[in-house]
Amino acid sequence: MAASAKTLTAKNNSLNGGWTIVLPRRGRQRASPLSRTREPEPLQQSVPWAPVDFEVNSPRESKLMQKMQICMKKLETSPFFLTLLDQIQSSEISHCFHKVLGSYSKMQMVIYGIGSIESYENPRSQLSLALLLKRKLSWIGGIEVFDPILSNTESRVLELLGCSVLSFNEQGRRKVQKPTMFFMPHCEAELYDNLLQENWKVGLLKNVVLFGNSFENYEQFASEFKNSAVALARHIFLARKFTDEFRIKTISDDYFGAFHDSSWHFFGPVVEPGLQFINS
């Protein structure tokens with residue numbers, strides 16, 4: 001996930017799989033988005049997952065639901081959200097969304113790496129944005145969510161909010177056969193790269209819309225890091241050749257931590273010499 005952050009490592013076991021979870025710090029200090037705290041793991045298929053806690057705690061659920069409602073209400077009237085909504089509905093970006101939609105009427109949303117919505121404000125703000133976008137934009141369909149650190153309480157609240165919690169850790173490797181928005185603010189470069197690699201075909205990448213860390217920023221920081229770190233983002237750098245990126249504006253400090261350096265990314269791959277795609 002994005003650099004201005006502290007790192008919490010989820011337990012790596014056969015049930016849950018391991019991600020490095022990075023939660024934004026307060027303030028504006030941030031390092032490179034290519035920073036890492038561990039060596040890359042070998043390529044894995046999706047593995048079954050379930051919350052490690054099975055406790056049903058109604059008071060915790062009620063408290064968390066109240067926090068989410070307060071967060072959504074605050075965000076909905078904020079200059080940040082109103083500006084972002086105007087940006088999405090501008091002719092330039094609206095055209096990009098509808099180009100991805102094609103003949104489809106709805107676009108699925110997938111949220112990876114949301115973090116603990118019970119413990120931290122930034123993940124609540126990020127989830128609130130996703131839910132408000134679905135509420136305001138008729139062409140956004142169902143919302144699927146996954147993070148290996150989600151608790152049973154958080155999973156139940158997500159379902160009450162109309163989301164589906166995935167029962168498999170896909171490691172970001174979902175093959176996209178129809179228009180899909182991946183909502184991934186401040187995820188690790190490796191997770192973005194997994195998504196691109198899995199869909200490294202002209203007929204698949206055109207179905208992907210990505211909200212996440214700026215690919216332009218990754219390119220700017222690349223020269224500062226060792227080849228091993230840059231290799232984790234190889235598909236990000238290759239995709240820059242055919243990515244339309246639109247940076248969002250963070251209006252106030254209230255939402256800087258949750259959304260700084262975020263962009264919309266649309267992919268219009270063209271076959272160029274030296275740019276190898278999987279055969280269709």
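**Three buried residues in a predicted model**

A polar contact links the side chain of Ser-116 to the side chain of Glu-154 at 2.7 Å; the term covers a pair of N or O atoms within 3.5 Å, where, within protein, one must be able to donate a hydrogen and the other to accept it, and residues adjacent in sequence count only if both atoms are side-chain atoms. The model is a predicted one, so local features need pLDDT of at least 70 and side-chain atom pairs count only at pLDDT 80 or more, while totals for chains, interfaces and linings use all residues. Numbering runs from 1 along each chain as its sequence is written, and side-chain values use heavy atoms, with hydrogens and water left out.

Ser-116 itself sits in the loop between strand E4 (107-112) and helix H4 (121-136); helices (H or I, at least four residues) and strands (E, at least two) are DSSP runs, numbered from the N terminus. With 9% relative accessibility, Ser-116 counts as buried, a label for anything under 20% relative accessible area (exposed is over 50%, partly exposed in between; 1.4 Å probe, protein chains only). Setting aside residues up to four places away in sequence, Ser-116 touches Glu-154 along with Pro-123 and Ile-149, contact being heavy atoms within 4.5 Å.

Over in strand E8 (residues 180-184) is Thr-180, which is buried too, at a relative accessible area of 6%. Its side chain gets to within reach of a backbone atom, the oxygen of Lys-178, at 2.8 Å. Beyond its neighbours within four places in sequence, Thr-180 is in contact with Met-107, Gln-108 and Val-110, and also with Asn-207, Val-208 and Val-209.

His-235 belongs to helix H10 (residues 234-239) and is likewise buried, with a relative accessible area of 6%. Residues up to four places away in sequence aside, what His-235 touches is Asp-193, Leu-196, Gln-197 and Trp-200. As for Leu-195, 40 residues from His-235 along the chain, the C-alpha atoms of the two are separated by 9.1 Å.

Now for the chain as a whole. The protein chain has eleven helices and eleven strands, and 54% of its 280 residues count as buried. Of the contacts between residues at least 6 apart in sequence, 76% join residues at least 24 apart. The accessible surface adds up to about 13,100 Å², with 50% of that belonging to carbon and sulfur atoms; such areas come from the Shrake-Rupley method with a 1.4 Å probe, and for residues only the protein chains shown count as cover.
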